[in-house]
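Here are a few notes to help you find your way around this structure. Have a look at it first, and then take the points one by one.

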Amino acid sequence: GISTSTRPDPFILLADHLAQVRGALFDLLGSSSPTLDEIAKYYFLQPSKQLRPLIILLLAQATNGLGKNWEKRRLEGVQDLDLPLSRADVLNDFNPSIPTKTASFSEKWDIHSTTAANPTSQKEWNGILPTQTRLAQIVEMIHAASLLHDDVIDESPLRRGAVSAPQAYGSKLAVLGGNFILGRASAALARLGDPEVVELIASIISNLVEGEILQMKEAPAPANAWRVYLQKTYMKTASLMAKGARGAVVLGGCTEGEIYREVAYAYGRNLGIAFQLVDDILDYEAGEATLGKPGGADLQLGLATGPALFAWEEHPEIGPLIERKFNQPGDVELARDYVRKSSGVERTRDLALAYAEQARDVLVPLPDSDAKGALEALTGRVVKRKS
Ligand code: FPP
Ligand code: MG
Ligand code: MG
């Protein structure tokens, strides 16, 4: 094993790769409609942690070369992944500007004439295949689309320290922008050429919606509250990390039955749940200045997360408030007081720690490498984060 002090900083190890992932995203989201172009790129303008791409890239790096089909995937991985712009952006095809000179039919309609240039699309870089880099971008696009829709549903005024997309452009355009991003992500996903990965990644989108629906339902019976909360947490957060990570390992040539697929899935699942539990703590502990979004939003939205569910065990009086989703005047403040005088936050943190430890433990079958060390370090970072 690698000692704590020599574990590489996960965000520094692949900083150049993450910058590339972000930069090339703008090419995938271009549209000849200026409105759509602007809103699709909006949530990528502010800096973000890029945690999801990082998990994918690190698992790719840690497992490439280990799978039965590595050599085959390595050859497939250098195929051209670029989306020809005129095919991706249909508006271009049907938006003829008045020609200044008469273009020949083939000049005008050659669908391969322009491509969204992506320097990583042709070669292996940092031991990571272009298909895996592209998967990191696809997963970040799905995440951004879900945030656009989430900010409509939650009526949130802020995201990543700036005015939210629905606030800036209105709900209709925010919803449409999210749908547009999903369309581009789907096209890029198909280009990876692996139906298993297409199915796996498509199921993330279903899970995100299922998680959101689960959260909208009336509060579950007390006996089911924890099970429903953890299931929702998997659907809305951990599924994306688990299946994204597994997809990267599949693209690296690990076949059905090889343990690395399960390692990746279990890592993403456990890390994702730990991440969301910490998110739910920060909603109680941190304010707008550190979060870049309003704090205390969950109770306002009627949601009882980990801290409130633990507080319920210590102060049964909070039960009726949870059941009516804090919808009476004073409920939110009263619930916050109960949580504060309970050990709800502390116990949620312990639970997050347990999931993070699980995430670290499942890495044991991987051979030692910088990427493995960074994945281990990431489990500590996720529970220690303050924003
Ligand atoms: C943020 O949670 C939201 C999500 C993790 C997923 C939301 C999913 C949907 C709205 C379903 C539609 C999905 C797609 C792909 C179009 P939060 O509201 O708890 O966190 P926040 O504080 O960051 O807003
Ligand atoms: Mg939400
Ligand atoms: Mg929200």
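**Notes for a first look**

1. Let's begin with Val-175, which touches His-149 and Val-152 once residues up to four places away in sequence are set aside. Val-175 sits in helix α11. A useful distance to check is the one to Ala-165: the two residues are ten apart in sequence, and their C-alpha atoms are 9.4 Å apart in space. Please keep in mind throughout that this is a predicted model.

2. Is Val-175 buried or exposed? Neither label quite fits: Val-175 has 17 other C-beta atoms within 10 Å, so it counts as partly exposed, since being buried takes 20 or more and being exposed 12 or fewer.

3. His-149, one of the contacts of Val-175, leads us to ligand 1. The ligand is surrounded by 18 residues, and the closest are Ser-146, His-149, Asp-150, Leu-208 and Glu-212. Four helices each give two or more residues to this shell: α9 (130-153), α11 (171-191), α12 (195-216) and α13 (225-251). Which of them gives the largest share? That is α9, with six residues. Sorted by class, the shell holds eight nonpolar, five polar and five charged residues.

4. Now step back to the whole protein. You should find 21 helices and two strands. Of the 387 residues, 44% are buried. Among contacts with a separation of 6 or more, 79% join residues 24 or more positions apart.

5. The largest nonpolar core is worth a visit. It has 102 residues, and those touching the most other members are Ile-56, Leu-58, Leu-59, Ala-245 and Ala-274. Helix α14 (residues 259-285) gives the most to this core, 13 residues. As background, nonpolar side chains tend to be buried together in soluble globular proteins.

6. Leu-58 makes a good link to the next helix. Beyond its neighbours within four places in sequence, Leu-58 is in contact with Pro-10, Leu-14, Ala-371, Ala-374 and Leu-375. Among these partners, Ala-371, Ala-374 and Leu-375 are buried residues of α21.

7. Helix α21 covers residues 370-384, which is 15 residues, and its first and last C-alpha atoms are 21 Å apart, close to the 21 Å expected at 1.5 Å a residue. Why can this helix be called largely enclosed by the rest of the structure? Eleven of its 15 residues are buried, so the rest of the structure largely encloses it. The buried residues include Lys-372 and Glu-376, along with Val-382 and Val-383. They pack against α1 (10-13), α4 (51-63), α14 and α20 (344-361).

8. Helix α20 also holds Arg-347. This residue is partly exposed, because 17 other C-beta atoms lie within 10 Å. Although Arg-347 and Pro-307 are 40 residues apart along the chain, their C-alpha atoms are separated by 7.4 Å.

9. Finally, where would you look for Phe-326? Try the loop between α18 (319-323) and α19 (331-341). With 24 other C-beta atoms within 10 Å, Phe-326 is buried. Its contacts, leaving aside neighbours within four places in sequence, are Leu-299, Gly-302, Leu-321, Asp-331, Val-332 and Ala-335. Gln-300 is 26 residues from Phe-326 along the chain, and 7.4 Å separates their C-alpha atoms.

Definitions and conventions
Residues numbered from 1 in each chain as written. Chains lettered and ligands numbered in written order. Predicted model: local features only at pLDDT ≥ 70, side-chain atom pairs only at ≥ 80, totals over all residues. Near = placed C-beta within 6 Å. Nonpolar A, V, L, I, M, F, W, Y, C, P; charged D, E, K, R; others polar. Core = buried A, V, L, I, M, F, W, Y, C linked by C-beta atoms within 7 Å. Contact = placed C-beta atoms within 7 Å. Expected span 1.5 Å × (residues − 1).
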